[in-house]
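Please find below some notes for a colleague who is meeting this structure for the first time. They are arranged as numbered points, to be read beside the sequence and the model.

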Amino acid sequence: MVAWDVALRHVGALFGSGVEPYAPTPSDVVHDEPHRQLRRYRRDTEATGNPVLLVPPLAVTISCYDLRPTQSLVEYLLDLGRDVYVVDYGEIGYADRHLGFEEWVDDIVPTAIARVSAERGDAPVEVIGWSFGGTISLLTAAGHAGLPIASITAVGSPFDQRRNGAMALARRLGRLATDEIVTAPVRLAGGIPKHAVRLGFRAQALDRELTKPWFIARHIDNVEALARMQAVDRFMDDMPGYPGRFYRQVYRQLILRNEMWRGTVHLNPDHAIELEKLTAPVLLIGGRRDKLASAASVAAGTEVLTGSPTVRFVEVDGSHLGIIAGPEARDTTWAAIRDFLDVEMLSRA
């Protein structure tokens with residue numbers, strides 16, 4: 001039976017500061033420029049192994065890797081003994097409408113990798129990216145062979161959109177209308193505003209939104225369950241926007257033309273990246289319940305990355321956010337990352 005004083009206290013917290021206020025893992029800024037702030041998470045002991053750089057996707061904050069205690073890939077990697085860095089893009093607004101894949105693949109992420117390596121005595125860097133963060137990381141490694149990259153881990157990053165049911169409507173629309181017509185509203189708006197991004201992310205988890213009142217009622221005396229719910233709500237409420245050029249490239253090159261699957265991604269007419277030129281070991285992780293990047297679309301990367309000495313695919317249970325930050329991620333996705341990093345470290349010994 002629910003203790004009503006506890007229930008009332010939790011209800012008050014839900015509509016106040018929260019049952020568990022956000023407390024990110026402490027970090028220090030080691031480089032600070034617009035859309036490329038580099039942070040290093042603090043640790044109390046000497047690091048072991050290669051440093052890790054976390055590359056977020058656009059339209060989310062770095063909290064995707066540090067959602068809350070027990071749901072923090074950052075804390076997990078620190079506990080493994082690693083030095084952990086993250087690149088923070090900050091807010092994206094109308095003034096950033098010209099930014100596209102080039103800024104991330106040719107500048108922001110390569111610069112972050114080089115700085116992390118320099119900070120750790122020129123050690124090679126283990127790069128981990130979720131969603132488009134993984135896509136950006138893969139393209140960066142393929143396009144810049146000289147970067148000090150030890151490995152790439154891409155979580156929920158699709159290759160073949162034909163195997164990605166979530167993109168079926170967009171691909172069908174592309175066959176019925178020109179991409180200029182489809183992307184015209186985004187061009188006029190300068191991108192996808194943050195409020196639209198937040199609404200879209202909630203819409204793809206509509207069942208969760210509709211059943212939230214019932215979830216709260218059933219777990220009103222369960223602080224852990226309520227804290228997990230609020231952490232996801234907080235994450236979605238803080239999403240920044242997409243720059244217009246980046247969105248148009250995603251729609252044209254990745255969704256309609258399926259260029260990740262074809263093996264060559266054209267960032268612009270004069271700049272193509274061939275994925276077979278990626279020579280670092282790769283781990284791909286896909287989620288069985290991922291509505292934005294099906295496990296099959298992620299696994300297709302094993303057929304594309306032919307230049308890599310090792311391409312492993314691991315399928316885990318979970319949604320798009322759940323596979324990187326859900327309560328089960330520690331025993332699935334994170335464990336797979338741990339095993340991958342351990343094996344690669346032994347192979348280089």
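1. His35 is buried, with a relative accessible area of 14%, where buried means under 20% relative accessible area, exposed over 50% and partly exposed in between, computed with a 1.4 Å probe on protein chains only. His35 lies in the loop between β1 (27-31) and β2 (37-41), and it has a positive phi of about 65 degrees although it is not a glycine. Most residues other than glycine have a negative phi. Strands here are DSSP runs of E of at least two residues, and helices are runs of H or I of at least four, both numbered from the N terminus.

2. On the basis of these notes: this is a predicted model, in which local features need pLDDT of at least 70 and side-chain atom pairs count only at pLDDT 80 or more, while totals for chains, interfaces and linings use all residues. Residues are numbered from 1 along each chain as its sequence is written, and side-chain values use heavy atoms, with hydrogens and water left out.

3. Ser131 also deserves a look, since this residue, although not a glycine, has a positive phi of about 60 degrees. Ser131 is found in the loop between β5 (125-130) and α4 (132-143), and its relative accessibility of 14% is why it counts as buried.

4. How are the strands of the sheet ordered? The open sheet is formed by 8 strands in the order β1-β2-β4-β3-β5-β6-β11-β12, with mixed pairing, and two strands pair if DSSP finds at least two bridges between them. Because β1 and β12 (311-316) stand at the edges with a single partner strand each, one side of each is left without a neighbour in the sheet. Neighbouring strands of this sheet are turned by 25 degrees against each other on average, direction ignored, the axes being lines fitted to C-alpha atoms, for helices over the stretch in contact, with angles from 0 to 180 degrees between N-to-C directions.

5. Within this sheet, β5 and β6 (residues 149-155) run parallel and are joined by 6 bridges. Trp130 stands opposite Val155 in β6.

6. Gly287 lies in strand β11 (residues 282-287) and counts as buried because its relative accessibility is 0%. Not counting residues up to four places away in sequence, Gly287 touches Ala293, Ser294, Ala295, Val316, Gly318 and Ile323, contact meaning heavy atoms within 4.5 Å.

7. Thr25, in the loop between α1 (4-14) and β1, counts as buried at 10% relative accessibility. Its contacts, again not counting residues up to four places away in sequence, include Tyr41, Asp66 and Leu78.
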